[in-house]
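I opened a fresh notebook page for this protein. Here is what I looked up, entry by entry.

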Amino acid sequence: MILIDEDTQKDFMLPAGALYVAGAERLIPVLARLFEAARARGVPVLSSVDAHAENDAEFAQWPAHCVAGTTGQQKIPETLLAERAVIPNRAGVEIPEGALQVIVEKQTLDVFSNPNFQRLLELYPDDECAVVGVATDYCVRCAVEGLLNAGRKVRVVTDAIRAIDHETGEKLLAQWEARGAALTTSNELWT
Ligand SMILES: [Zn+2]
């Protein structure tokens, strides 16, 4: 199994964040346990992070958030492992070996927009992908649907994701399940 961690950054996760996903801070204890378990079991973690420029095109649609170098752009400490590497959104970046956590930078909703994400996934061709993070109806959606489109086995950890619009989130879970994704809870994940 590999863990796919979407955008668990301060601007999304914390009530004071620039694009706070309401209720996301309640995921933090769940995420802390999941990351501790991943570390203890040597489960690779692929994390996405928004890393925007100050006048990023995305800010036409969304309030400014996750500007590179700001506190809000940082990941919450609960989803950071000691052994980690950061991969910028540039073609031809060398993929680090030996880091348990690889953090993939992006400037849009979709982690697949960083071409290195696909290369990272190919390091684990047969592993099931357990998806956590925010927001269910935006960046998590891009990740889950991209993984399903790529033919990957997907588990969505329902107590470790949060939607901006609850109803949309529930509909998406049903759609993903119909496409073959497994819905699971953080406690069931390792059993
Ligand atoms: Zn963004």
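Is Asp-7 buried or exposed? I started there and kept in mind that this is a predicted model. Asp-7 counts as buried, because 28 C-beta neighbours lie inside 10 Å and 20 are enough for that label. I found Asp-7 in the loop between strand 1 and helix 1 (10-13). Its backbone caught my eye too: Asp-7 has a positive phi of about 55° although it is not a glycine.

**Entry: another positive phi**

I then turned to Cys-66, which is not a glycine either, yet has a positive phi of about 50°. Cys-66 sits in the loop between strand 2 and strand 3 (84-87). I noted Cys-66 as buried, because 26 other C-beta atoms lie within 10 Å.

**Entry: the whole chain**

Next I stepped back for an overview. I counted 5 helices and 7 strands in the protein. Read from the N terminus, the order of elements is β-α-α-β-β-β-α-β-α-β-α-β.

How does the radius of gyration of the protein, 15 Å, fit a compact globule? A compact globule with 191 residues would be near 16 Å, so the 15 Å of the protein agrees. Along the principal axes, I noted a box of roughly 45 × 40 × 30 Å filled by the C-alpha atoms. I also wrote down that 39% of the 191 residues count as buried.

Contacts came next. Taking those between residues at least 6 apart in sequence, I found that 69% join residues at least 24 apart.

**Entry: the core and Val-134**

Which residues have the most contacts inside the largest nonpolar core? They are Val-131, Val-132, Val-134 and Val-144, in a core of 48 residues. I added a general reminder: nonpolar side chains tend to be buried together in soluble globular proteins.

I picked Val-134 for a closer look. Leaving aside neighbours within four places in sequence, its contacts include Glu-6, Asp-7, Thr-8, Phe-12 and Met-13. So my opening residue, Asp-7, turns up again among the contacts of Val-134. Ile-161 and Arg-162 are also among the contacts of Val-134.

Then I checked the backbone here. A cis peptide bond joins Val-134 and Ala-135, with omega about -15°. Ala-135 lies in the loop between strand 5 and helix 4.

**Entry: helix 4**

That loop led me on to helix 4, residues 139-149. Its buried residues are Cys-139, Val-140, Arg-141, Ala-143, Val-144 and Leu-147. Val-144 is also one of the core residues with the most contacts. Cys-139 and Val-140 are among the contacts of Val-134.

What covers the buried residues of helix 4? The cover includes strand 1 (2-6), strand 2 (45-50), strand 5 (129-134), strand 6 (154-162) and helix 5. After helix 4 comes Gly-151, with a positive phi near 80°.

**Entry: helix 5 and Gly-180**

My last stop was helix 5, which has 13 residues. From its first C-alpha to its last, helix 5 reaches 19 Å, close to the 18 Å expected at 1.5 Å a residue. Gly-180 follows helix 5 and has a positive phi, near 110°.

Where is Gly-180 placed? I located Gly-180 in the loop between helix 5 (166-178) and strand 7 (182-184). Gly-180 is exposed, because 11 other C-beta atoms lie within 10 Å and a residue with 12 or fewer gets that label. I also compared positions: Gly-180 and Ala-99 are 81 residues apart in sequence and 30 Å apart in space, C-alpha to C-alpha.

Notes
Residues are numbered from 1 along each chain as its sequence is written. This is a predicted model: local features need pLDDT of at least 70, side-chain atom pairs count only at pLDDT 80 or more; totals for chains, interfaces and linings use all residues. Helices (H or I, at least four residues) and strands (E, at least two) are DSSP runs, numbered from the N terminus. The radius of gyration is taken over C-alpha atoms; the globule rule is 2.2 Å times the number of residues to the power 0.38. Two residues are in contact if their C-beta atoms, placed from the backbone, lie within 7 Å. A nonpolar core is a set of buried Ala, Val, Leu, Ile, Met, Phe, Trp, Tyr and Cys residues joined through C-beta atoms within 7 Å. The expected span of a helix is 1.5 Å times one less than its number of residues.
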